Amino acid sequence: MILCEKTSPVSGLTNIMSINATTEQYTLWQEGMCIQHAMPDATVDQREFLISGCTPACWDSMFGSEEDAA
């Protein structure tokens with residue numbers, strides 16, 4: 001597990017997320033490997049956080065949650 005700190009482009013808040021990956025996997029991604037190949041055990045939300053800095057709450061604030069759509 002690694003801890004990653006990112007600033008949300010939506011809220012401007014700094015968030016920290018625990019990512020199911022090793023530092024070696026993170027390095028592979030930083031060097032150009034596709035994130036889903038470099039970090040196969042990371043969840044979709046974790047990978048999105050690394051790429052964009054957006055948390056699930058950010059996505060909900062922009063587009064609503066799945067519960068809102070029902």
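Let's start with Cys34: its sulfur lies 18 Å from the closest cysteine sulfur, the one in Cys4, and that is too far for a bond. The bond in question is a disulfide, counted here when two cysteine sulfur atoms are within 2.5 Å. In general, a disulfide is a covalent bond between the sulfur atoms of two cysteines. Cys34 is partly exposed, at a relative accessible area of 41%. For that term, buried means under 20% relative accessible area, exposed means over 50%, and partly exposed is in between, using a 1.4 Å probe and protein chains only.

Now look at Cys58. Where is the nearest cysteine sulfur to Cys58? That sulfur belongs to Cys54 and is 4.8 Å away, and Cys58 is in no disulfide. Cys58 counts as buried, with 6% relative accessibility. A search of the whole structure turns up zero disulfides.

A quick word on what you are looking at. This is a predicted model, where local features need pLDDT of at least 70 and side-chain atom pairs count only at pLDDT 80 or more, while totals for chains, interfaces and linings use all residues. Residues are numbered from 1 along each chain as its sequence is written, and side-chain values use heavy atoms, leaving out hydrogens and water.

So, the overall picture. The protein has five helices and two strands, and from the N terminus on they run β-β-α-α-α-α-α. Both kinds of element are DSSP runs numbered from the N terminus: helices are H or I with at least four residues, and strands are E with at least two. The C-alpha trace spans about 40 × 25 × 20 Å along its principal axes. Of the 70 residues, 30% count as buried.

Let's go to helix α3, residues 44–52, where we find Arg47. The buried residues of this helix are Gln46, Arg47, Phe49 and Leu50. Seen down the axis of α3, they fall within an arc of 155°, so they line one face of the helix; the arc is taken from the directions from the helix axis to the C-beta atoms. On the other side of α3, Val44 and Ile51 are exposed. What do the buried residues of α3 pack against? They pack against β1 (2–7), β2 (14–19), α1 and α2 (35–38). After α3 comes Gly53, which has a positive phi, near 85°.

Two residues of this helix deserve a closer look. Phe49 sits in α3 and is buried, with a relative accessible area of 0%. Phe49 and Met17 are 32 residues apart in sequence, yet their C-alpha atoms are 7.9 Å apart in space. Setting aside residues up to four places away in sequence, Phe49 touches Cys4, Lys6, Asn15, Ile16, Met17, Ile19, Cys54 and Thr55. A contact here means heavy atoms within 4.5 Å.

Then there is Arg47. What is the nearest side chain of opposite charge to Arg47? It is Asp41, 8.1 Å away, and Arg47 is buried yet has no salt bridge. A salt bridge needs a side-chain nitrogen of Lys or Arg within 4 Å of a carboxyl oxygen of Asp or Glu. As for charge, Lys and Arg count as positive and Asp and Glu as negative, with His and the chain ends not counted. Beyond its neighbours within four places in sequence, Arg47 is in contact with Ile35, Gln36, Met39, Pro40 and Ala42.

One loop residue before the rings: Ser8, between β1 and β2. Ser8 counts as buried, at 3% relative accessibility. Its contacts, again leaving aside neighbours within four places in sequence, are with Leu13, Asn15, Gly53 and Cys58.

Finally, the aromatic rings. The whole structure holds two aromatic pairs. The ring centres of Tyr26 and Trp29 are 5.5 Å apart with their planes at 65°, so this pair is edge-to-face. To pair, rings of Phe, Tyr and Trp (its six-membered ring) need centres within 6.5 Å; planes under 30 degrees apart are stacked, over 60 edge-to-face, and the rest tilted. Tyr26 and Trp29 are three residues apart in helix α1 (residues 23–30), about one helical turn. An α-helix has 3.6 residues a turn, so residues three or four places apart point the same way. Tyr26 is partly exposed at 26%, whereas Trp29 is buried at 16%.

The other pair, Trp59 and Phe63, is stacked, at 5.4 Å centre to centre and 20° between the planes. Both lie in helix α4 (residues 56–63), four residues apart. Trp59 is partly exposed, at 33%, and Phe63 is exposed, at 61%. Thanks for listening!
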